[in-house]
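This report follows the strands, the helices laid across them and the ligand shells. Please keep the structure open while reading.

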Amino acid sequence: MYNEIDLDKIDLNSEFPTEEPKRQYHFMAKGQKWVREFEYKNNRRPCFFIQTFGCQMNEHDSETIAGMLRTEGFTETENRESADIIVVNTCSIRENADNRFFGQLGSMKKIKEENPEAIIAVCGCMMQQQHITDTIKEKYSWVDIIFGTMNIYKFPELLRNCLENRKKIISIYDAQEKIIEGLPVERKFRHKSFVNIMNGCNNFCTYCIVPYTRGRERSRMPEDIIREIRALADDGVKEVTLLGQNVNSYGNNCNFDCDFSELIYKINEIERIERIRFMTSHPKDLSDRLIRAFADCEKLCRHIHLPVQSGSTDVLRRMNRRYSKEDYLNLIEKIRTAVPNMAITTDIIVGFPGETEEDFEHTLDLAERVRYDSAFTFLYSIRTGTPAAKYEDQVSEEIKHARFDRLVEVINRITAEKNAEYFGKTVKVMVDGKSARNDKGTYAGRTDTFKLVNFNADEDLTGKTVDIKITDAKTFSLFGEIV
Ligand code: SAH
Ligand code: SF4
Ligand code: F3S
């Protein structure tokens with residue numbers, strides 16, 4: 001774990017600091033004492049269960065929550081029913097994300113009835129919306145702690161208050177003045193890690209809830225990022241994925257002089273780091289310097305996720321994306337010229353308000369011309385509070401679904417064709433672990449172009465980079481043999 005601190009050295013009789021994260025370390029020390037008493041009484045450690053919805057940002061936030069709980073001495077359980085603390089980290093990007101959460105919350109009533117001592121905490125993007133927290137307060141009385149995306153660092157304090165006073169805690173911040181550095185973070189893999197480089201988003205695409213749930217853009221100081229990655233490298237990490245809603249605007253309006261491409265050049269120098277990835281970049285401000293970084297920095301993986309959202313210039317304008325179909329195609333051309341083997345993936349929304357058949361055909365045309373390695377396709381979902389929710393010309397569900405199916409067919413055909421190009425080639429694969437198919441002896445890993453490769457091995461090669469000859473190519477994965 002990154003950033004472990006000896007809690008036994010903290011004097012709990014001293015006044016609690018106001019400065020963060022020092023203050024939270026005091027609460028973690030208090031928590032540790034509570035955990036020890038719990039263990040003495042119950043002959044076991046208390047355990048936590050975290051369920052995470054949404055994007056990598058949320059996954060990474062959950063890693064921070066897990067890191068803080070582990071620092072106190074909690075253990076993790078896979079079994080929600082037996083957990084002493086349940087945390088649900090929510091996403092609000094589409095309506096079905098909201099619905100799934102409320103379904104989960106409903107099912108937790110029984111857990112609380114059977115174990116009234118259990119703490120149920122909910123956090124994440126949904127909690128930054130008043131109508132959601134109002135609903136929880138009104139209908140889901142078994143929730144003990146509600147907190148948001150801007151005060152995750154305060155979780156140890158909120159948990160202590162809840163446990164000591166046995167009262168409901170609701171703590172949501174509208175904004176975050178400063179990024180809190182130095183919290184304990186747990187990670188899922190030994191050999192790879194997420195690294196947050198910025199929070200928030202200033203783009204206000206008209207369909208999107210994120211600027212409201214994550215607040216304004218805030219970049220971490222480059223030296224803090226570099227220090228973290230060096231520590232991760234010392235701890236065995238070989239691959240880092242830099243996270244931000246729009247990494248291309250890293251460093252904008254900051255009191256330091258380092259843009260995203262410069263940050264990449266710096267990370268490229270860090271010893272033992274073998275691969276650098278990032279998510280996500282907005283096409284409107286992808287710089288020539290970043291494209292050059294792909295050519296210059298050997299550790300920067302040849303994959304870019306460049307969400308286009310629509311192929312129609314008119315729809316793009318109403319989405320407030322600030323580029324046209326031609327701008328996007330020119331950008332792709334520029335990238336392909338500079339880095340010929342670049343894998344390009346995207347996100348596409350179907351059925352944005354006012355999308356005509358002609359608009360949609362522009363999307364199909366763009367998909368054919370770019371030839372994406374893969375794409376996430378979404379049905380437009382109305383998000384309360386966003387401008388597009390009020391647009392009058394909403395597309396019917398029937399048309400949305402029909403277009404969605406047509407688009408997926410094109411995307412999948414191209415993905416399969418792209419994968420077929422790998423047939424017979426030998427590629428370098430960084431092994432993530434046992435394959436999700438969980439066959440005995442089948443391992444899975446990624447090429448630098450982010451292709452999923454399965455292969456058989458007699459020994460556990462997790463974290464190693466191996467040469468694999470591709471012997472079979474499917475739509476969503478490749479299969480190969482160690483050479
Ligand atoms: N910051 C990233 C996107 C994060 S959200 C970016 O701009 O690239 C991930 C994806 O969810 C978006 O790219 C978009 O395709 C999709 N999405 C966002 N809001 C949506 C909505 N209201 N309905 C459907 N899809 C949506
Ligand atoms: Fe949402 Fe647009 Fe910001 Fe991405 S860039 S998070 S789609 S508002
Ligand atoms: Fe969802 Fe929030 Fe991420 S809305 S997609 S978890 S930033």
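In this predicted model, strands β12, β13 and β14 form an open sheet in that order, with parallel pairing. β12 (303-305) and β14 (374-379) are the edge strands, and each pairs on one side only. From one strand to the next, the twist averages 10 degrees.

Six bridges hold β13 (residues 343-350) to β14, in the parallel sense. Asp347 stands opposite Phe376 of β14. A helix covers part of this sheet: α13 (residues 397-420) lies across β13 and β14. Its direction is at about 175 degrees to β14.

**Ligand 1**

Which residues come nearest to ligand 1? They are Gln245, Pro307, Gln309, Asp347 and Ser381, out of 15 residues around the ligand. Asp347 thus has two roles in this account: it stands opposite Phe376 in the strand pairing, and it is among the residues that come nearest to ligand 1.

Polar contacts to the ligand are listed below.

| Ligand 1 atom | Protein partner | Distance |
|---|---|---|
| Nitrogen | Tyr207, polar backbone atom | 3.0 Å |
| Oxygen | Asp347, N or O atom in the side chain | 2.7 Å |
| Nitrogen | Ser381, polar backbone atom | 2.9 Å |

On its own, ligand 1 has 550 Å² of accessible area, and the protein covers 89% of that. Two elements, β13 and β14, give two or more residues to the shell. By class, the shell residues divide into seven nonpolar, four polar and four charged.

**The sheet of β7, β10 and β11**

Another open sheet has three strands in the order β7-β10-β11, and the pairing is parallel. β7 (192-196) and β11 (275-279) stand at its edges. Each has a single partner strand, so one side of each is left without a neighbour in the sheet. Neighbouring strands here are turned by 25 degrees against each other on average, direction ignored.

β7 pairs with β10 (residues 239-243) in the parallel sense, over five bridges. Val195 stands opposite Leu242 of β10. Helix α8 (residues 260-268) lies across β10 and β11. It runs at about 155 degrees to β11.

**Ligands 2 and 3**

The residues around ligand 2 include four cysteines or aromatic residues worth locating on screen: Cys201, Phe204, Cys205 and Cys208. Tyr207 is also in this shell, and a polar backbone atom of Tyr207 is 3.0 Å from a nitrogen atom of ligand 1. Asn203, Val210, Pro211, Gln245, His282 and Arg321 are in the ligand 2 shell too. That shell has seven nonpolar, three polar and one charged residues.

Around ligand 3 are Cys55, Asn58, Cys91, Ser92, Ile93, Cys125, Arg214 and Gln245. By class, this shell has four nonpolar, three polar and one charged residues. Gln245 recurs: it is among the residues around ligand 2, it is one of those around ligand 3, and it is one of the residues that come nearest to ligand 1.

**Strands β15 to β19**

The strands from β15 onward include several antiparallel pairs. β15 (residues 426-434) and β18 (residues 465-473) pair in the antiparallel sense over five bridges. Lys428 stands opposite Asp467 of β18.

β18 also pairs with β19 (residues 478-482), again antiparallel and over five bridges. Here Asp472 has Phe479 of β19 as its bridge partner. The two strands form a hairpin with four residues between them.

A further antiparallel pair is β16 (residues 442-446) with β17 (residues 452-456), over five bridges. Thr442 stands opposite Asn456 of β17. These strands also form a hairpin, with five residues between them. In that hairpin, Phe450 takes a positive phi near 70 degrees.

How do the two hairpins meet, and through what number of bridges? Three bridges join β17 to β19, and these strands run parallel. Asn454 stands opposite Phe479 of β19. Phe479 therefore appears in two pairings: it is the bridge partner of Asp472, and it is opposite Asn454.

Notes: Residues numbered from 1 in each chain as written. Chains lettered and ligands numbered in written order. Predicted model: local features only at pLDDT ≥ 70, side-chain atom pairs only at ≥ 80, totals over all residues. Heavy atoms only, no water. Pairing = 2+ DSSP bridges. Axes fitted to C-alpha atoms, helices over the stretch in contact; angles between N-to-C directions. Contact = heavy atoms within 4.5 Å. Near = heavy atom within 4 Å. Polar contact = N/O pair within 3.5 Å; in protein donor to acceptor, adjacent residues only side chain to side chain. Areas by Shrake-Rupley, 256 points an atom, 1.4 Å probe, with all protein chains shown as cover. Nonpolar A, V, L, I, M, F, W, Y, C, P; charged D, E, K, R; others polar.
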